[in-house]
Amino acid sequence: MREGFQILDRDNDGQVNREDVVDMLTNLGQDSSASAVSQFFPPGKPQTVNMPSFLNTLSTLLAPLSSQQELLNAFAAFDEDDSGQIDVKELKDALLHTSPEAGERAMTEREVENVLEGFTGRRAFGKAMGHGARGEVFKYPEFMASIMGGAEGEQKDQQDQ
């Protein structure tokens with residue numbers, strides 16, 4: 001998400017402005033009309049966005065796509081030992097080879113890499129060690145906390161109950 005902000009912040013001033021968003025939407029072939037851009041910069045509100053505001057806006061926009069519990073359940077299906085970690089190879093394979101829903105396109109390998117970036121690491125010692133699995137893992141509670149604003153803490157609360 002930080003990379004996304006840096007791409008939008010063309011002049012590296014720590015702020016994304018209306019023109020930055022218009023350029024990005026135009027380059028993506030999306031509607032860049034004044035009315036489309038006004039959802040990001042409503043009249044009477046600041047006409048620039050800093051990194052924290054950007055992340056907060058993204059969380060708000062992404063939240064309706066899947067409920068937090070739905071997303072957590074999807075990740076948990078891959079979490080064989082309830083450690084909050086998913087084998088990266090297995091997750092990449094599923095993301096790249098699952099048929100998309102009607103009207104959507106499959107993810108590219110680069111898109112998958114971009115989503116996982118910053119949320120991977122080596123498997124911590126735990127239940128999976130008996131299987132000799134010490135490969136790269138995706139730490140989905142951290143990912144969810146990043147996009148949903150605190151989901152990691154909520155997941156830990158649920159596990160403690």
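This is a walk through one chain, from its overall make-up to a few selected sites. The model is predicted.

Start with the inventory. The chain holds nine helices and five strands. Along the sequence they are arranged as α-β-α-α-β-α-α-β-α-α-β-β-α-α. The chain has 161 residues, and 25% of them are buried. Its exposed surface comes to about 10600 Å². Carbon and sulfur atoms supply 51% of that area. Now take the contacts with a separation of 6 or more: 53% of them link residues 24 or more positions apart.

Go next to the N-terminal part. Asp 9 sits in the loop between H1 and E1. Is Asp 9 buried or exposed? Its relative accessible area is 4%, and the cut-off for burial is under 20%, so Asp 9 counts as buried. Its side chain has a polar partner. A polar atom of that side chain lies 2.8 Å from the backbone nitrogen of Gly 14. Leaving aside residues up to four places away in sequence, Asp 9 touches Gly 14, Gln 15, Val 16 and Asp 20.

Asp 20 leads into helix H2, which spans residues 18-27. Asp 20 is one of the buried residues of H2, together with Val 21 and Leu 25. Viewed down the axis of H2, these residues fall within an arc of 125°, so they line one face of the helix. What do the buried residues of H2 pack against? Their partners are helix H1 (2-8), strand E1 (16-17) and helix H3 (34-38). Both ends of H2 have a local detail. At the start, a side-chain oxygen of Asn 17 comes to within 3.1 Å of the backbone nitrogen of Glu 19. Just after the helix, Gly 29 adopts a positive phi of about 75°.

Move on past H3. Gln 39 lies in the loop between H3 and strand E2 (48-49). Exposure is counted from over 50%. Gln 39 has a relative accessibility of 56%, so it counts as exposed. The side chain of Gln 39 also makes a polar contact: it reaches the backbone oxygen of Ala 36 at 3.3 Å.

Helix H5 comes next, at residues 68-76. Its buried residues include Leu 71, Leu 72 and Phe 75. Why do they share a side of H5? They cover an arc of only 100° around the axis, which puts them on the same side of the helix.

The sheet comes last. It is open, has three strands in the order E3-E5-E4, and pairs in antiparallel fashion. Strand E3 (85-87) and strand E4 (120-122) are the edge strands, each pairing on one side only. From one strand to the next, the twist averages 45°. Look more closely at E4 and strand E5 (residues 136-139). These two run antiparallel and are joined by three bridges. Which residue in E5 is the bridge partner of Arg 122? That partner is Glu 136. A helix covers part of this arrangement. Helix H8, residues 140-148, packs on the sheet and touches E3 and E5. The direction of H8 makes about 35° with that of E5.

Definitions and conventions
Residues numbered from 1 in each chain as written. Predicted model: local features only at pLDDT ≥ 70, side-chain atom pairs only at ≥ 80, totals over all residues. Heavy atoms only, no water. Helix = DSSP H or I, 4+ residues; strand = E, 2+ residues; numbered from the N terminus. Buried < 20%, exposed > 50% of the residue type's maximum accessible area, 1.4 Å probe, protein only. Contact = heavy atoms within 4.5 Å. Areas by Shrake-Rupley, 256 points an atom, 1.4 Å probe, with all protein chains shown as cover. Arc of directions from axis to C-beta. Polar contact = N/O pair within 3.5 Å; in protein donor to acceptor, adjacent residues only side chain to side chain. Pairing = 2+ DSSP bridges. Axes fitted to C-alpha atoms, helices over the stretch in contact; angles between N-to-C directions.
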